[in-house]
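Please walk through this model one helix at a time. We begin with burial and contacts, then turn to packing and charged pairs.

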Amino acid sequence: MFTGRRDVNALKAELKEVDALISAHPLASQRTRAAHAIVDKRQSRDATEVDKELAADGLPSVKQLGKVQASGTWSWWKLHRRKMKLEKKIDSALPR
């Protein structure tokens with residue numbers, strides 16, 4: 001009985017680590033999120049106009065955002081998948 005409790009605590013500790021990794025991930029940074037918000041709200045899809053607005057706010061350019069997105073998507077997906085699996089394990093391990 002105590003081993004189950006210890007396992008849940010270990011899973012919760014691992015989940016806390018995964019949450020920290022997600023928070024520290026480049027795709028979760030405030031600058032990246034703010035830049036994505038500007039790109040998403042722009043009616044014009046002209047990259048030059050969007051880049052000017054991003055530069056005015058001191059944010060990464062469209063090209064830099066693309067690089068961050070391309071290089072970070074796989075690790076971002078893996079972290080969130082790991083988080084979901086841990087949450088399911090914790091939920092199924094807890095008594096109902």
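Contact here means heavy atoms within 4.5 Å. Helices (H or I, at least four residues) and strands (E, at least two) are DSSP runs, numbered from the N terminus. The model is predicted: local features need pLDDT of at least 70, side-chain atom pairs count only at pLDDT 80 or more, and totals for chains, interfaces and linings use all residues. Residues are numbered from 1 along each chain as its sequence is written, and side-chain values use heavy atoms, with hydrogens and water left out.

Start with helix H2, residues 30–41. This helix has twelve residues. From first C-alpha to last, H2 reaches 16 Å, close to the 16 Å expected at 1.5 Å a residue. That expected span is 1.5 Å times one less than the number of residues.

Which residues of H2 are buried? They are Thr32, Ala35 and Ile38. Buried means under 20% relative accessible area, exposed over 50%, and partly exposed in between (1.4 Å probe, protein chains only). Seen down the axis of H2, the buried residues fall within an arc of 125°, so they line one face of the helix. The arc is that of the directions from the helix axis to the C-beta atoms. What covers these buried residues includes helix H3 (47–56) and helix H4 (62–93). The face of H2 turned away from its buried side carries exposed residues: Gln30, Asp40 and Lys41.

Now look at how H2 meets H4. The two helices pack at an angle of about 115°, and their axes are 12 Å apart. Axes are lines fitted to C-alpha atoms, for helices over the stretch in contact, and angles run from 0 to 180 degrees between N-to-C directions. On the H2 side, the contact is made by Thr32, Arg33, Ala35, His36 and Val39. H4 contributes Leu65, Val68, Gln69 and Trp76. Thr32 and Ala35, both buried, thus reappear in this contact.

Next come the charged pairs. How many salt bridges does the structure hold? There are three. A salt bridge is a side-chain nitrogen of Lys or Arg within 4 Å of a carboxyl oxygen of Asp or Glu.

One joins the side chains of Arg82 and Glu14, at 3.3 Å from N to O. Arg82 lies in helix H4 and Glu14 in helix H1 (residues 2–24), so the pair ties together parts that are 68 residues apart in sequence. Arg82 is partly exposed, at 35% relative accessibility. Glu14 is partly exposed too, at 28%.

Another pairs Asp19 with Lys83, at 3.1 Å from N to O. Asp19 sits in H1 and Lys83 in H4, 64 residues apart, linking distant parts of the chain. Asp19 counts as partly exposed at 27% relative accessibility. Lys83 counts as partly exposed at 23%.

Return to H2 for the pair of Glu53 and Lys41, whose side chains meet at 3.7 Å, N to O. Glu53 lies in H3 and Lys41 in H2, so this salt bridge ties together parts that are twelve residues apart in sequence. Glu53 is partly exposed at 21% relative accessibility, whereas Lys41 is exposed at 55%.

Finish past H4. Leu94 is found in the segment after that helix. At 34% relative accessibility, Leu94 counts as partly exposed. Its C-alpha atom is separated by 47 Å from that of Asp57, a residue 37 positions away along the chain.
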